[in-house]
Amino acid sequence: MVNQTSNASAYSANCKAVAKVFVETSRNGAEFDQPISMDELVKRTGLSKEDVKKGIADLGDDKILYQGDDQPIAPHAELFAIFDSFWEAWDPADDALTLAKAMIKDSAFPTDPAQISDRMAWEARRLNPAMTYLLDHHFANAHDSDKGAPLIYNLLVKTAETKQFVSNMATN
């Protein structure tokens, strides 16, 4: 298992409650996937509006887009790369390592995420957070998809850092 720098204790209960709603309602683990109104977040979390706002603030701008009470609140892709492991059957950090190993081991490994999805037998909901993990940690390069959902990238390329990531994890 990959040692994640973020664990459940690093986040407030309010933060985790808000993140859980997005993780559980996401279709693709993508940027702006399933925006939710403030009223709906209050209802789904069981928190007060003030506690939801605190949770959003704890998440920060890199994980969630908050524009005000009258605008839908939407996740950034990084939210899924961090929080999926708490409520899904997969861990994006572990998946990122599995993906990186495949990219390094197989010189014919595809760079097209649609082909990667087929090869790994992972739906977009699982693959997107794994790719985002690699990108957020600078372990690979990618190009954002201009096609939109379900895959958020249209190219994933290994780098020297991909090999270093795999090598470092082999020694841990």
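In what order do the elements of the chain run from the N terminus on? They run α-α-α-β-β-α-α-α-α-β-β-α. That makes eight helices and four strands in the chain. The radius of gyration of the chain is 16 Å, close to the 16 Å that the globule rule gives for 172 residues, so the chain is as compact as a globular protein of that length. Keep in mind that this is a predicted model.

Start with the overall picture. Along the principal axes, the C-alpha atoms of the chain fill a box of roughly 50 × 35 × 25 Å. Of the 172 residues, 48% count as buried. Now take the contacts in the chain with a separation of 6 or more. Residues 24 or more positions apart account for 59% of them.

Next, the surface and the charges. The accessible surface of the chain comes to about 8,800 Å². Carbon and sulfur atoms hold 47% of that surface. The chain carries 17 positive and 26 negative charges. The mean positions of these two sets are 4 Å apart.

Now go inside, to helix α4. This helix spans residues 77-87. Eight of its 11 residues are buried, so α4 is largely enclosed by the rest of the structure. Which residues of α4 are buried? They are Ala77, Glu78, Leu79, Phe80, Ala81, Ile82, Phe83 and Asp84. The list takes in Glu78 and Asp84 as well as Leu79, Phe80, Ile82 and Phe83. Several elements cover these buried residues. From earlier in the chain, the cover includes α1 (13-25), α3 (49-59) and β2 (74-75). It also includes α5 (92-105) and α7 (124-136).

Helix α6 is the next stop. It covers residues 113-120. Here Pro113, Ile116, Ser117 and Met120 are buried. Seen down the axis of α6, these buried residues fall within an arc of 105 degrees, so they line one face of the helix. What does that face pack against? The buried residues of α6 pack against α5, α7 and β4 (153-158). Helices α5 and α7 also appear in the cover of α4.

Two loop residues deserve a look at the backbone. Most residues other than glycine have a negative phi. Ala121 has a positive phi, near 60 degrees. It sits in the loop between α6 and α7. Is Ala121 buried or exposed? At 66% relative accessibility, Ala121 counts as exposed, because the cut-off for exposed is over 50%. His138 has a positive phi too, near 60 degrees. His138 lies in the loop between α7 and β3 (140-144). With a relative accessible area of 59%, His138 is exposed.

Finish at strand β4, which holds Lys158. Lys158 has a relative accessible area of 38%. That value makes Lys158 partly exposed, because it falls between the 20% limit for buried and the 50% limit for exposed. Which residues does Lys158 touch, leaving aside those up to four places away in sequence? The answer is Met103 and Ile104. How far is Lys158 from His137? In sequence, Lys158 and His137 are 21 residues apart. In space, they are 13 Å apart, C-alpha to C-alpha.

Conventions:
Residues are numbered from 1 along each chain as its sequence is written. This is a predicted model: local features need pLDDT of at least 70, side-chain atom pairs count only at pLDDT 80 or more; totals for chains, interfaces and linings use all residues. Side-chain values use heavy atoms; hydrogens and water are left out. The radius of gyration is taken over C-alpha atoms; the globule rule is 2.2 Å times the number of residues to the power 0.38. Buried means under 20% relative accessible area, exposed over 50%, partly exposed in between (1.4 Å probe, protein chains only). Contact means heavy atoms within 4.5 Å. Accessible areas come from the Shrake-Rupley method with a 1.4 Å probe; for residues, only the protein chains shown count as cover. Lys and Arg count as positive and Asp and Glu as negative; His and the chain ends are not counted. The place of a charge is taken as NZ of Lys, CZ of Arg, CG of Asp or CD of Glu. The arc is that of the directions from the helix axis to the C-beta atoms.
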